[in-house]
Amino acid sequence: MNTDGEGEPYRAYFEESPIGVFVTDAAGEFVDANPVACEMVGREREELLSLSIKDVTDLPEGAALPSSFAKVKETGRARDEHQLVHADGRRIDVLLDTMSLGDDRFVAYVQDVSEKKRYERELERFKAFTEQSSDLITLLDENGRIQYNSPAVEDILGYSQDELIGENPLEYIHPRDRERVADQLQTVLTTTGRGPRAEFRIRDADGEWVWIESYGTNRLADPNVEGIIVNQRDITERKERERTLKQYERAVEQATDLLAAADTDHRLLFANKRYREFHGLSDDDIGTTTLEEVLGPEQFAEIEPRLDAVFEGETHQYEMIRQDPDGDDHHFDIRYYPLRSDYGEVVGIVATMRDITERKERRRKLKQYEYAVESSTDWIVAVDTDHRVLFANSGFRSFHGLDGDARGTPLSEALEESVATEIVPQMERALAGERVEFEHQTTSDGERRPVRSVVFPLEDDDGTVIGVVALIRDISELKDREQQLQVLDRVLRHNLNNKMNIVSGYAESIQDRTTDSFIQESAAKIRANSDQLTQMASKERAITKVLSDPPAMEAVDLATVAQQITSSVRKSHPAATITTELPEQRVEVVVGAVGRALKELLQNAVTHSDRERPAIEVRVRNLPDTVQVQVVDDGPGIPEMERAVLTGESEIEPLLHGSGLGLWLVKLIVGRADGTLRFEENEPRGSVVTIAFPRPGTAG
C-alpha cells in the first residue's frame with residue numbers, strides 16, 4: 001500500500017475498514033493486512049506477513065492459490081466464497097472480492113459470512129425437516145388464514161400442497177369442534193409463544209373426518225417468520241384405539257359377569273361394577289385391598305394353590321358357591337388366567353366369575369321335566385315343521401320301534417302310512433296355531449291301539465312356531481269300558497223298561513179291579529215309581545251317550561239357543577210361565593250339548609215345582625270374562641243333598657245318593673265345555689242355577 005503523504009487517507013480507510021483487507025503478491029505471499037483481516041485468522045500482522053494465502057485457507061489438495069486468483073489474472077476481478085483457517089483451527093466462511101493492483105499485486109476484500117452460512121444451513125435443515133416430516137406444518141397469517149402447508153398435507157388430508165393457500169382452516173373443522181378450535185386459535189393469535197394443545201376433526205379431500213392433534217406457536221413478531229406455526233399430527237388411529245378401549249372398558253364395567261384382576265401380591269388391580277357390588281367393595285378399595293381381605297381367610301386358603309399355579313402360567317376353571325352381602329348363596333363358574341406384561345412375564349391374574357345359579361336351577365328343573373316326560377304313561381313326541389322328530393319319550397319310541405332319541409327321524413318312518421295320512425292334517429292345523437284334540441287308531445308291527453291325541457304348536461322364545469307337540473294317550477282300556485257301559489246300558493235299559501211296563505200294567509189292573517182305597521193308593525204309588533224309574537233309565541241313556549260319544553264342540557249363539565229351548569219347553573208345559581232376558585247382540589260360546597243341558601234345567605224346574613203355574617225366567621248375560629245362562633224359578637228349591645253331591649261337597653253314600661240324573665247330565669255337559677255349575681237360593685223362594693262358560697279366547 002502507498003505510505004506517502006498522498007496515501008494517508010487511503011491508509012486510514014485501510015486500517016479502519018470494517019471488513020478484512022489482504023494484500024498479496026503474485027505468489028500469494030502476504031504483503032499487507034488490516035486489523036480486521038488479522039483478527040479473522042487469529043494472527044498478528046508481523047506473523048501474517050511471514051505467511052502466504054495457502055497458510056490461512058482451506059485449499060484443495062495440490063492447489064497453490066485459491067481459484068479466485070486465476071480468475072483475477074484473466075478478468076482483473078473475482079468474487080468467490082472460501083473458508084479461512086483461524087489460528088485455533090476454526091474454519092470461517094468468508095466472501096473474497098479479489099482484484100489486481102498491478103505490479104503483480106492483488107487485494108482481497110474479505111467479508112465474514114459465517115452467520116449467514118449458518119443461517120442458510122439451518123434454513124436448509126429446517127426446510128428438509130419440514131418437507132420430509134410426517135407431521136403437517138402449517139403457517140397462518142395474522143388473520144388466521146393459511147400461508148403455507150408442508151408436503152405432508154397430501155398424505156394426511158389428500159390436498160395438494162398449495163390447494164388450501166389463503167383458506168380459513170376453520171371452514172374445514174368439524175361443526176362440533178369448530179367453536180372450541182376457534183377459541184384456541186384466538187388464544188394463539190393474541191399470545192406470544194406456544195399455545196395449548198388441541199384435538200379436533202378436519203375434513204379431508206374425500207369428505208372424511210380426520211382426527212388431528214395440533215400445537216400452535218405465535219411467531220408474528222419474528223421478522224423471519226411473521227406468522228403462526230402450527231404443527232399437526234394425524235391421530236385418527238389413536239382416537240380409534242381410544243374409542244375401542246372405551247368400548248372395552250364400558251363393556252367390562254357393565255358386564256353381567258364378575259371381572260377382576262390382581263397382582264402377584266394378590267392386591268386388586270381392577271374390579272368391575274358387578275364384582276364390587278357382590279363383594280361390597282367401593283372404588284377406593286381397588287389398589288389397596290387384597291383378595292384375602294375380600295374373600296376371607298378360609299376361602300382364600302382354598303383358592304391360593306390355584307392362584308400360585310396361575311402365576312406359573314397355568315389357567316384354572318372350577319365351580320364354587322359364594323354368598324353375597326345379603327347372605328344369599330350364588331353358584332359361580334370361576335376361571336383364572338395369567339396377566340402378562342408386554343414382555344410375556346406373568347405380573348398378575350385375571351378372574352372371571354359367571355353366576356350360574358339360575359342355570360343350575362334350570363338344569364335341575366330340566367332334569368325333572370325330562371324325568372317326568374320319560375316316565376309319563378302318555379306318549380309325548382315333538383316334530384319340526386318338516387315333520388322330523390325333535391324328541392320322543394320312551395313310551396312313544398318303544399311302541400313305534402325307534403332306537404335312541406330318534407332325533408331327526410322323519411315321522412313317516414315311525415308311523416304306518418294309514419296312520420300318518422290321518423294325523424298329518426291335524427298337525428298342519430297345529431302348525432297354523434290351533435290346539436287340536438282328536439281320537440284315532442295307531443298301529444305298529446300289526447298291533448292296533450285306540451288313542452286320544454292333543455296336538456298344539458311348539459314355539460321358540462320369539463313366539464315363532466317351529467313345530468308341534470303331541471300328547472298321545474292310550475285309551476284302549478277306556479274304550480273297553482265304554483263298550484261295556486254301552487252293553488250294560490242296552491241290557492239294563494231294555495230289561496228295566498220291560499219289567500217296569502209289566503209292573504205298571506199289573507198296578508193299573510189292581511187299581512181297576514178294587515174299590516179298596518188303600519190298595520188303589522198303593523197301586524198308584526207303584527205306577528208313579530215305575531214311571532220315575534223309566535224316566536231315570538232315559539236319563540241314564542243320555543248320560544251314557546255323552547260319556548261314550550261326546551257331542552262335538554262348536555261355536556253357538558247362546559241367546560239363540562236359549563230362545564229355542566224356552567219356546568220348546570213352553571209348548572210341552574203350557575201351565576208354566578217361562579220368560580227370558582236376552583241380550584240383543586250375539587253371545588258366542590264354544591260348547592257341546594248346551595241346549596240339552598238348558599232343557600234339563602227348565603224341565604226340572606217345571607216338574608219339581610209345587611205351584612199350579614210355575615214361574616221361571618231364563619237369563620243370558622255377556623260378561624267381560626264369561627258368558628252366563630241362569631234359570632231362576634219360584635219352586636221349593638233343589639234339595640241340599642243333591643246340590644252337595646253335584647258340587648263335590650259330599651260323596652255319594654247310601655243315604656246321600658243324589659237321585660237327580662238330569663242334573664248329573666247338566667253337570668257332565670257343562671264340564672265338557674270347561675264351564676262351571678253354581679246353585680243359589682232365590683229370594684224370596686226358589687233356586688237360581690247358573691252355568692258360566694269362558695269367553696272364546698280366554699280359556700286357560
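His 266 sits in the loop that links β12 (258–263) to β13 (268–271). In this predicted model, the backbone at His 266 takes a positive phi of about 65 degrees, even though the residue is not a glycine. With a relative accessibility of 13%, His 266 counts as buried. A second histidine shows up with a similar story: His 387 is not a glycine either, and its phi is positive at about 65 degrees. His 387 is placed in the loop between β17 and β18, and it is buried too, at a relative accessible area of 18%. The cut-off for buried is under 20%, so a value of 18% still falls on the buried side.

Another backbone feature turns up further along the chain. The peptide bond running from Glu 683 to Pro 684 is cis, its omega being near 5 degrees. Pro 684 belongs to the loop between β27 (676–681) and β28 (687–694).

Back at β18, the strand that follows the His 387 loop, there is Val 389. This valine is part of β18, which spans residues 389–392, and it is buried, with just 1% relative accessible area. Which residues does Val 389 contact once neighbours within four places in sequence are left aside? One group consists of Val 381, Ala 382 and Val 383, and the others are Ala 406, Arg 407, Gly 408, Thr 409 and Leu 411. For Arg 407, the C-alpha atom lies 5.2 Å from that of Val 389, with the two positions 18 residues apart in sequence.

Next comes Asn 393, in the loop between β18 and α14. Its relative accessible area is 0%, so Asn 393 is buried. Not counting residues up to four places away in sequence, Asn 393 touches Val 373, Glu 374, Ser 376, Asp 378, Trp 379 and Ile 380.

Trp 379, one of those contacts of Asn 393, also takes part in an aromatic pair. The search of the whole structure turns up 5 aromatic pairs. In one of them, the ring centres of Trp 379 and Phe 399 are 4.6 Å apart and the planes meet at 25 degrees, so the two rings are stacked. Stacking calls for planes under 30 degrees apart, and 25 degrees therefore qualifies. Where do the two partners sit? Trp 379 is in strand β17 (residues 379–384) and Phe 399 is in helix α14 (residues 394–400), so the pair ties together parts that are 20 residues apart in sequence. Trp 379 has 7% relative accessibility and counts as buried; Phe 399, at 10%, counts as buried as well.

Aromatic rings also meet charged groups elsewhere in the model. The charged end of Arg 194 is positioned over the ring of Tyr 215, at 4.0 Å from the ring centre. Likewise, Lys 239 places its charged end over the ring of Trp 211, 4.5 Å from the centre.

Towards the later part of the chain, 5 strands make up an open sheet with mixed pairing, ordered β23-β25-β26-β28-β27. Strands β23 (577–581) and β27 form the edges; each has a single partner strand, so one side of each is left without a neighbour in the sheet. On average, and with direction ignored, neighbouring strands here are turned by 15 degrees against each other. Between β23 and β25 (residues 615–622), which run parallel, there are 5 bridges. Across from Arg 619 in β25 stands Glu 581. Helix α19 (residues 558–572) packs on this sheet and touches β23, β25 and β26 (626–633). The direction of α19 makes about 170 degrees with that of β23.

As for the chain as a whole, it holds 22 helices and 28 strands. Of its 700 residues, 39% are buried. Among contacts with a separation of 6 or more, 45% come from residues 24 or more positions apart. The accessible surface adds up to about 41,000 Å², and carbon and sulfur atoms account for 48% of that area.

Note on methods. Residues are numbered from 1 along each chain as its sequence is written. This is a predicted model: local features need pLDDT of at least 70, side-chain atom pairs count only at pLDDT 80 or more; totals for chains, interfaces and linings use all residues. Side-chain values use heavy atoms; hydrogens and water are left out. Rings of Phe, Tyr and Trp (its six-membered ring) pair if their centres lie within 6.5 Å; planes under 30 degrees apart count as stacked, over 60 as edge-to-face and the rest as tilted. Helices (H or I, at least four residues) and strands (E, at least two) are DSSP runs, numbered from the N terminus. Buried means under 20% relative accessible area, exposed over 50%, partly exposed in between (1.4 Å probe, protein chains only). A charge sits over a ring if NZ of Lys or CZ of Arg is within 6 Å of the ring centre and within 35 degrees of the ring normal. Contact means heavy atoms within 4.5 Å. Accessible areas come from the Shrake-Rupley method with a 1.4 Å probe; for residues, only the protein chains shown count as cover. Two strands pair if DSSP finds at least two bridges between them. Axes are lines fitted to C-alpha atoms, for helices over the stretch in contact, and angles run from 0 to 180 degrees between N-to-C directions.
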